[in-house]
Amino acid sequence: MAGGLREIKARIKSVQNTRQITKAMKMVDAAKLRRAQERAEAARPYAEKMREVVMSIAAGTSGAKHPMLDSRPVKRTGYVVITSDRGLAGGYNANVLRMVSRTIAERHKSQDEYTIFVLGRKGRDFFKKRNYPISEEFVNMSDSPTFASIRNVARGAVQMFADGGIDELYLVYNKFVSAIQQEPTELRLLPLADVEKVEGTPTYDFEPSADEVLADLLPKYAETLIFSALLDAKASEHGARMTAMGNATDNATDMIERYTLFYNRARQAAITQEIAEIVGGASALE
Amino acid sequence: MNTIEVEIVTPERVVYRGDARIVVARGAEGDLGILPNHIPMVTPLKIAPILVKKHDGADDKIAVSGGMMEVRKDKVTILAESAELAEEIDVNRAIAAKERAERRLAESGKEDIDFKRAQMSLQRAMTRLDVAGK
């Protein structure tokens, strides 16, 4: 019985250590979540202003035309997939990756019909292992990614659309709903179809011309949308990890409680047995 | 007094916000001076400093690259890929970037993509140095 006791004690100790780690991770991600939310907030004015100007040009009477505004027959589709570099975030990566592979299986017959731009190591490893065609990848992003750092991927995807390499571009990422809820979301980025006039925007003069301003602006707009999604996804990642680690901590606490109960019971049993043996031995001498 | 509101925004944050007497920027077609009550306008910007002249005589210079300017009657909004105030600029880095770009320009042929890139980075470095006042 004494051997069993020591084993249980070791188990308790090990679960306690795990709980300490998960608890720390939870707190770290809570802090990072707040920062990620602030960054997403700080990025909003830029994206909104951009949208306002793009919409007012595209919907204006100037009749500006640009390939990024027109739908064309789809021969090849691009997917920008945003995942995280690190795991231990519950279903965060699995949800997005499942969504992507399901969509691809439904929509496409062969690998020539789509290509993937992937951000985050988890996604990269997933697609590489399963031999999906990857055009561009970006791993080792910081917790507070800068616009410059993801520009290559964003520009690559937008450029490929402009060159005719792909005919539409989707963005798949975890949309931030709340700290405990993230929603895998698919968004059609290009062509920009949902053009509607924003109320109250003035009719602008363009220099040099509406078409040229649009040509300068639309790629930037698409890149901005990808960046905003990345910031949103970062907030989601920290939220998801915070929740996952919170659950892990709770489970560890339950486990420790249960093992402690076992331990005490076993100890009690051992003592009782010892007493019984002593009493038995004493009565045998009488 | 006649003022026009100025806001400079990058994807990461709002860099500058203030009231101006006149805003001077380098548009795709040349230098523009924006006074209050300007006609609504949109133009891409070249890599150059933005000059914000205020009523109290003080001027603010902001280094801007990859930008676009939206003008309304009472407000100028500049959207830029990067923007820095004078005190935020790393002068040593800008000097190093300038030298590197100049070296590349001397080495590469005119038609190269590298040549264009070096030209842009030289432009950025010089804008930064100008704004930092070095």
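B:Glu7 is buried, with a relative accessible area of 10%, and this residue makes a convenient entry point into the predicted model described here. Its side chain meets that of B:Arg17 in a salt bridge, with 2.7 Å from N to O. The pair links distant parts of the chain, 10 residues apart: B:Glu7 belongs to strand E1 (residues 4-9) of chain B, and B:Arg17 to strand E2 (residues 14-20) of chain B. In contrast to its buried partner, B:Arg17 is exposed, at a relative accessible area of 56%.

Further along chain B, the strand pairing can be followed from one element to the next. Strand E3 (residues 22-27) of chain B pairs with strand E6 (residues 48-53) of chain B in the antiparallel sense, over three bridges. Within this pairing, B:Val24 stands opposite B:Leu51 of E6(B). E6(B) is also joined to strand E7 (residues 59-72) of chain B, again in an antiparallel arrangement, here by six bridges. On this side, B:Ile50 faces the position of B:Ile62 in E7(B), the two standing opposite each other. The hairpin of E6(B) and E7(B) has five residues between the strands, and B:Gly57 takes a positive phi near 90° in this hairpin.

Salt bridges come next, and the count over all chains is 26. One of them brings together the side chains of A:Asp167 and A:Arg72, at 3.0 Å from N to O. A:Asp167 lies in the loop between H4 and strand E4 (168-178) of chain A, while A:Arg72 lies in the loop between helix H1 (2-58) and strand E1 (77-82) of chain A, so this contact ties together parts that are 95 residues apart in sequence. The acidic partner, A:Asp167, is buried, with a relative accessible area of 7%; A:Arg72 is partly exposed, with a value of 26%. A:Arg72 has a second contact to offer: its charged end sits over the ring of A:Phe161, 4.3 Å from the ring centre.

The loop between H1 and E1 of chain A also holds A:Asp70, which is partly exposed at a relative accessible area of 36%. Although A:Asp70 and A:Leu192 are 122 residues apart along the chain, their C-alpha atoms are separated by 7.5 Å.

A contact of another kind in sequence terms is found in helix H5 of chain A, where A:Arg241 and A:Glu237 are four residues apart and thus separated by about one helical turn. These two residues form a salt bridge whose closest N and O atoms are 3.1 Å apart. With the cut-off for burial set at under 20% relative accessible area, A:Arg241 counts as buried at 1%, and A:Glu237 likewise counts as buried at 3%. Both residues take part in a network of salt bridges that also links A:Asp29, A:Lys32, A:Asp143 and A:Lys234.

Turning to the aromatic side chains, a search of the whole structure finds six aromatic pairs over all chains. Among them, A:Phe147 and A:Phe227 form an edge-to-face pair, with 5.3 Å centre to centre and 75° between the planes. This pair links distant parts of the chain, 80 residues apart: A:Phe147 is in helix H4 (residues 147-163) of chain A, and A:Phe227 is in helix H5 (residues 210-285) of chain A. Both A:Phe147 and A:Phe227 are buried.

Aromatic residues are also grouped elsewhere in chain A, where A:Tyr114, A:Phe126, A:Phe127 and A:Tyr132 form one cluster. A:Phe126 has an additional neighbour in A:Arg130, which lies over the face of its ring at 3.9 Å from the ring centre. The arrangement recalls that of A:Arg72 over A:Phe161, where the distance to the ring centre is 4.3 Å.

Finally, the surface of chain A carries a nonpolar patch formed by A:Ile271, A:Ile275 and A:Val279, which together have about 260 Å² of accessible area. A:Ile271 is found in helix H5 of chain A, and this residue is partly exposed, with a relative accessible area of 38%.

Conventions. Residues are numbered from 1 along each chain as its sequence is written. Chains are lettered from A and ligands numbered from 1 in the order in which they are written. This is a predicted model: local features need pLDDT of at least 70, side-chain atom pairs count only at pLDDT 80 or more; totals for chains, interfaces and linings use all residues. Side-chain values use heavy atoms; hydrogens and water are left out. Two strands pair if DSSP finds at least two bridges between them. Rings of Phe, Tyr and Trp (its six-membered ring) pair if their centres lie within 6.5 Å; planes under 30 degrees apart count as stacked, over 60 as edge-to-face and the rest as tilted. Buried means under 20% relative accessible area, exposed over 50%, partly exposed in between (1.4 Å probe, protein chains only). A charge sits over a ring if NZ of Lys or CZ of Arg is within 6 Å of the ring centre and within 35 degrees of the ring normal. Patches are made of residues with over 30% relative accessible area and no salt bridge: like charges are joined within 9 Å, nonpolar side chains (Val, Leu, Ile, Met, Phe, Trp, Tyr) within 5 Å. Accessible areas come from the Shrake-Rupley method with a 1.4 Å probe; for residues, only the protein chains shown count as cover. A salt bridge is a side-chain nitrogen of Lys or Arg within 4 Å of a carboxyl oxygen of Asp or Glu.
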